[in-house]
Amino acid sequence: MTKTRLFRLWLALGSVFMILLIIVYWDSVGTAHFYLHTALSPPHPPGPPPSPGPALPSDVDEFLEKLLGAGPKRKTEPPPPASGRPAPGGLEGGLEESVRGYDWSSRAPPGPEPDEQAARRSLLRDFCANASLAFPAKERSFDDIPSYELNHLIVDDRHGVIYCYVPKAACTNWKRIMIVLSGSRLGRGAPYRDPLAIPREFVHNSSTHLTFSKFWRRYGKLSRHLMKVRLRKYTKFLFVRDPFVRLISAFRSKFELENEEFYRRFAVPMLQAYANRTSPPASVREAFGAGLRVSFANFIQYLLDPRTERLAPFNEHWRQVHRLCHPCQIEYDFVGKLETLDRDAAQLLRLLGVDRRLHFPPSYRNRTASSWEEGWFAQIPLAWRRQLYKLYEADFVLFGYPKPESLLRD
């Protein structure tokens, strides 16, 4: 009986020791080293490649992958054929994507501008440290950010990548890239290799992606520690867009097209509050058939109305980027812009070391251009424009977008 108790005690102590050993190893070496045999190589900083270290025994690899929830190892895949126009059915964006006017012509991106990224990162650091720029939650630490506010940070443990997605800034195709990298979705029994072959319903399904907001359920009390380890060791990137142009794009795609969800959740309250429509039609089809639509002025009123966020935070399509991605708490390695998408995408894929076998889907002609701003805001009162700028000022300043003076002066 005594021997049995001693055996159980030693077994418990051994288990505790093993868990502590794993935590120490994770913290000092980094989780990316647990994925040594994946299809794509993890990113390395510019410079000579590091000399290979000793390989871990395969049984230890398998144990750690099972313990930490890693997916199955993937076989190395050959590079895809030269990119061209996808076959019919490869792009399933429906009316919303077709209205954007995809341009499938091949274009060689301009040469990389290494100083551009350094300047963008430096601008972020400087203004985050500058007391003259103040906005809510700027001074809080990463530990103070609730987990539910980290739901835009998509993690790929196989290649050591974190992407903070910003709606209306090419996020659909960057999510497709993350699915290919992580192997989180299968098509016909195998991981997707072509980003444009991934159906849109998979791309925007929250169950597809591992985000920081899911870490508590997976890792419990270790979740915040493991987030910080990844933030130190992984390549972190985001793509942004001129804030006012992003608002115009969000309005066009969500309120100028028949979108039942956005009609019921947002358009009906806007029509009631700002268009004097006490009983709007029950469905978006009925409303459009009767020629009833939310105006851009109604949308701006909704954004400026202090009652809006008392009820719920802004929807992600018009929520400020600094509230989605927390750039003053997270030091991003790459800041891309929609205005330089072709060049930035090519540069980022080279940085991640996946450019030989993975290409960013062909870009589309930006039909919501910055030159449209004056036309869209022509009927918006000057006082509203100035209030709107203050609401999005932090995004303009942090990401280096010029103040739209022509819209803000008499």
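Where is the place of A137? A137 sits in the loop that runs between α4 and β1. This is a predicted model, and the report below describes the chain as a whole, the sheet, one covered helix and a few individual residues.

**Overall make-up**

The chain holds 18 helices and six strands. Of its 410 residues, 48% are buried. The exposed area of the chain is about 21,400 Å², and carbon and sulfur atoms supply 56% of that area. Among contacts with a separation of 6 or more, 74% are between residues 24 or more positions apart. One pair of residues distant along the chain is A129 and C328: they are 199 residues apart in sequence, yet their C-alpha atoms are separated by 8.2 Å.

**The sheet**

An open sheet is built from four strands, ordered β1-β2-β5-β6, with mixed pairing. Its edges are β1 (153–156) and β6 (334–337), each of which pairs on one side only. On average, neighbouring strands of this sheet are turned by 20 degrees against each other when direction is ignored.

Strands β1 and β2 (residues 161–164) run antiparallel and are joined by four bridges. Within this pair, I154 stands opposite Y163, and V155 stands opposite I162. The two strands form a hairpin with four residues between them, and G160 in the turn has a positive phi of about 70 degrees.

In a regular strand, side chains alternate between the two faces of the sheet. In β1, L153 and V155 lie on one side and I154 and D156 on the other; all of these are buried, so both faces of β1 are covered. Helix α5 (residues 171–182) lies across β1, β2 and β5 (235–240), and its direction is at about 25 degrees to β1.

**A covered helix**

Helix α12 (residues 296–304) is mostly covered, with seven of its nine residues buried. Those buried residues are F296, N298, F299, I300, Y302, L303 and L304. The elements that cover them include α9 (243–255), α10 (260–274), α13 (308–311), α16 (373–377) and α17 (382–398).

**Residues with accessible surface**

What makes up the nonpolar surface patch of about 350 Å²? The patch is made by L6, W10 and L13. W10 belongs to helix α1 (residues 2–29). W10 counts as exposed because its relative accessible area is 62%, above the cut-off of 50%.

A129 is part of helix α4 (residues 114–129). A129, too, is exposed, with a relative accessible area of 66%.

Two residues have a backbone angle that deserves a note. Most residues other than glycine have a negative phi. A137 is not a glycine, but its phi is positive, at about 70 degrees. N276, in the loop between α10 and α11 (284–289), likewise has a positive phi, near 60 degrees, and is a residue other than glycine.

Why is A137 classed as partly exposed? Its relative accessible area is 40%, and partly exposed covers the range between the buried limit of 20% and the exposed limit of 50%. N276 is past the upper limit, so N276 counts as exposed at 68% relative accessibility.

The accessibility values of the individual residues are collected here.

| Residue | Relative accessible area | Class |
|---|---|---|
| W10 | 62% | exposed |
| A129 | 66% | exposed |
| A137 | 40% | partly exposed |
| N276 | 68% | exposed |

Terms used. Residues are numbered from 1 along each chain as its sequence is written. This is a predicted model: local features need pLDDT of at least 70, side-chain atom pairs count only at pLDDT 80 or more; totals for chains, interfaces and linings use all residues. Side-chain values use heavy atoms; hydrogens and water are left out. Patches are made of residues with over 30% relative accessible area and no salt bridge: like charges are joined within 9 Å, nonpolar side chains (Val, Leu, Ile, Met, Phe, Trp, Tyr) within 5 Å. Accessible areas come from the Shrake-Rupley method with a 1.4 Å probe; for residues, only the protein chains shown count as cover. A salt bridge is a side-chain nitrogen of Lys or Arg within 4 Å of a carboxyl oxygen of Asp or Glu. Buried means under 20% relative accessible area, exposed over 50%, partly exposed in between (1.4 Å probe, protein chains only). Two strands pair if DSSP finds at least two bridges between them. Axes are lines fitted to C-alpha atoms, for helices over the stretch in contact, and angles run from 0 to 180 degrees between N-to-C directions. Contact means heavy atoms within 4.5 Å.
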